[in-house]
Amino acid sequence: MTSLSPNRATTIKEAYRICNVVPLEGEDFNRYYVSLDKLRKGEAAEGVSTQLDFLEAGQFETILFTGHRGSGKSTELKRLQSRWQETFEVIYLEVNEETDINDVQYTDIYLVVIKQIEFRMRQLGLTFEASLLRNFENWFKEVTEESEETVENSVSVQAEASLGGGASFLAKLLVKLQAQIKGSEKQKKTIRHKLQREISRLKGDTNLLLDDAFEKLRALKPEFKGFLLIFDNLDRVPPNVGDHLFFDYAQQLRELHCTMVFTVPISVLCSPKGLGNTFEYPNLMSMPNVYALDRDSLDLKYNDDAVAKLAKLLESRIDIEAVFDDRERILELARYSGGHVRQMMQMARLACQTAGTRRVEKVGADEVLYAFKQQQFMFERAVREGHYERLVEVCRDKDVGRDEIGQLMLFNTSVLEYNGEDRWNYPNPAVMASPAFQELLDDARDEARKIVEG
C-alpha cells in the first residue's frame, strides 16, 4: 500500500481530471498505485510474472489474464511491461487499435504479431534474414493479389509515417490489410478467407521470421529471453467472439514462436467447452471484495475495513478534506462500486462534475448519489427483460451459472465475480438499486422468511 501522494488534487476540477480511468504508468504509477491484492484474495498479476520468470530463453508461452473490464487489469499489465523490460523485448499493444475488436479472428492476431515484431526489429537496428523476408513477401503478394505498386498507391501518408523510416514492403502491406479489416466488411472476409486457406504456410513462415528475430535479438542482447507481446483490451470482445477465438482457434494462438499475454473476457471462464482443455490455468484478477460473505443471506453486509482499503484508491489521488464535505463520501463511492474499480472512479469523476455544475464548494452526499443513480440508469437501459429474475437467483445462490445468460451478465458487469479462497458472484450494486430488481428481491425475502418460519 502506498503512502499518500503529495500530488493529490485539492480542487473539484483537479479531482475530476485525476480520476480518469486510463491505466496508470510512469510517474503516475509511482504516485497513485495502490495494491488491492489482499481484497482480491488472489495473485493474478504475480502469477503472470511467475510464468515469465520460469521461462528459459527460447521457450515460448501463451498466457491468459482475465477479470472484469474495469477491474484494473490494464494498470497491472503496464506494471508487467515495466517490470520485465530488462528481461524481454516487451511490446504492449491495445488490440482495438490494431483490428476490429468486435470481430477478431486468429489470423488478425498473426498479422498484428508480424507487424509489431518487424517494427520493433527496425527500432533495434535489426533486419530479418533477406531470403526469409523475400519468400514471405512473395507468398503474401500471391495470396493477397497485391503488388508493391498497389500497396504504395493505397497506404496513406499518415499510415506510412507511423511505420517509421526504412519500412519494408511487408510492413506497408500489413498496414493496408489491417486498415481493410477494420474498415470494410467485404474486404475483411476476403482477406481472412485467403489467409485461412493458407494457414499452414502463414503459420510456418511467421514462425521462421519469429525464430530469426529471436536469434538476432539474442545476438544483440544475450541476457534477453525473447519477445513478449502483451495484448490488452481483448477482454472487450463480445462473448461469442471470445468463445470462437479462445476455444475454436486456441491451438493457432498457441503455436506462434513468441511469448504472448492475452487479456480474455471473464465470460469465457463459464464456457462448457472448458478453457483448461487448451490453455494453462488462466490468471484471474477478481473483484476486490468489499462484502462479508454469507451464502445464506440475500442481503450481504459490507466489510468496513475492505471498503476503507478500496477507498484508498481515491485518497491516493485526492485531498479528501479539500474536495469532499466528509470522508464518508468516498466510503459511499466504494460501497456503490461493489469493488469495481473503474465504476468507482467514474462515479467520483461524475460527482465532481456535478458539483462543478451546481456551483457547490465541495462534493456532498447529493452529488455522490446522483453519480450512483446514473450508473443505475445505465444498467436499467441495458439489462434485458426477464433477466432480473435471474439476477435475484444470483443474489440468493451466489452463482451466476454457466449458460449464455450467465456469460453475458459477467461480460456486462451486471454480475461481479469474487474469487480467492472461495468463488462466488453477486449483482452489481447499481443493478440492485433498480426498482424492478428490488420488487423481485422483496418477493424473495418474503419467500425466505416463510421457509424459516415453517
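Glu-137 is a charged residue tucked out of reach: this glutamate is buried yet makes no salt bridge. The nearest side chain of opposite charge belongs to Lys-141, and it sits 5.7 Å away. Since a salt bridge here calls for a nitrogen within 4 Å of a carboxyl oxygen, that pair doesn't make the cut. Keep in mind as you look around that this is a predicted model.

**Around Glu-137**
- You'll find Glu-137 in helix 7, which covers residues 130-144.
- Setting aside neighbours within four places in sequence, Glu-137 is in contact with Ser-168, Phe-169 and Leu-170.

**Leu-209, another buried spot**
- Leu-209 belongs to helix 12, residues 199-220.
- With a relative accessibility of 4%, Leu-209 counts as buried, because anything under 20% qualifies.
- Once residues up to four places away in sequence are left out, Leu-209 touches Phe-128, Leu-132, Leu-133, Phe-136 and Leu-170.
- Leu-170 turns up here too: it touches Leu-209 and is in contact with Glu-137.
- For a sense of scale, the C-alpha atoms of Leu-209 and Phe-411 are separated by 36 Å, and the two residues are 202 residues apart along the chain.

**The sheet and what packs on it**
- Five strands make up an open sheet, and if you walk across it the order is 2-3-4-1-5, with parallel pairing.
- At the edges are strand 2 (88-94) and strand 5 (283-284), each of which pairs on one side only.
- Strand 3 (residues 226-232) runs parallel to strand 4, and 4 bridges join the two.
- Phe-231 has Phe-262 of strand 4 as its bridge partner.
- Helix 6 packs on this sheet and touches strand 2, strand 3 and strand 4, with its direction at about 130° to that of strand 3.
- Helix 12, the home of Leu-209, packs on the sheet as well, touching strand 2 and strand 3. Its direction makes about 120° with that of strand 3.

**Helix 13, mostly wrapped up**
- Helix 13 spans residues 239-248, and 7 of its 10 residues are buried, so the rest of the structure largely encloses it.
- The buried ones are Pro-239, Val-241, Gly-242, Asp-243, Leu-245, Phe-246 and Phe-247.
- What covers them includes two strands of the sheet, strand 1 (62-66) and strand 4 (259-264).
- Helices are part of the cover too, including helix 6 (106-123), helix 14 (250-254) and helix 21 (404-411).
- Helix 6 therefore appears twice in this picture, since it helps cover the buried residues of helix 13 and also packs on the sheet.

Conventions. Residues numbered from 1 in each chain as written. Predicted model: local features only at pLDDT ≥ 70, side-chain atom pairs only at ≥ 80, totals over all residues. Heavy atoms only, no water. Buried < 20%, exposed > 50% of the residue type's maximum accessible area, 1.4 Å probe, protein only. Helix = DSSP H or I, 4+ residues; strand = E, 2+ residues; numbered from the N terminus. Contact = heavy atoms within 4.5 Å. Pairing = 2+ DSSP bridges. Axes fitted to C-alpha atoms, helices over the stretch in contact; angles between N-to-C directions. Lys, Arg positive; Asp, Glu negative; His and termini not counted.
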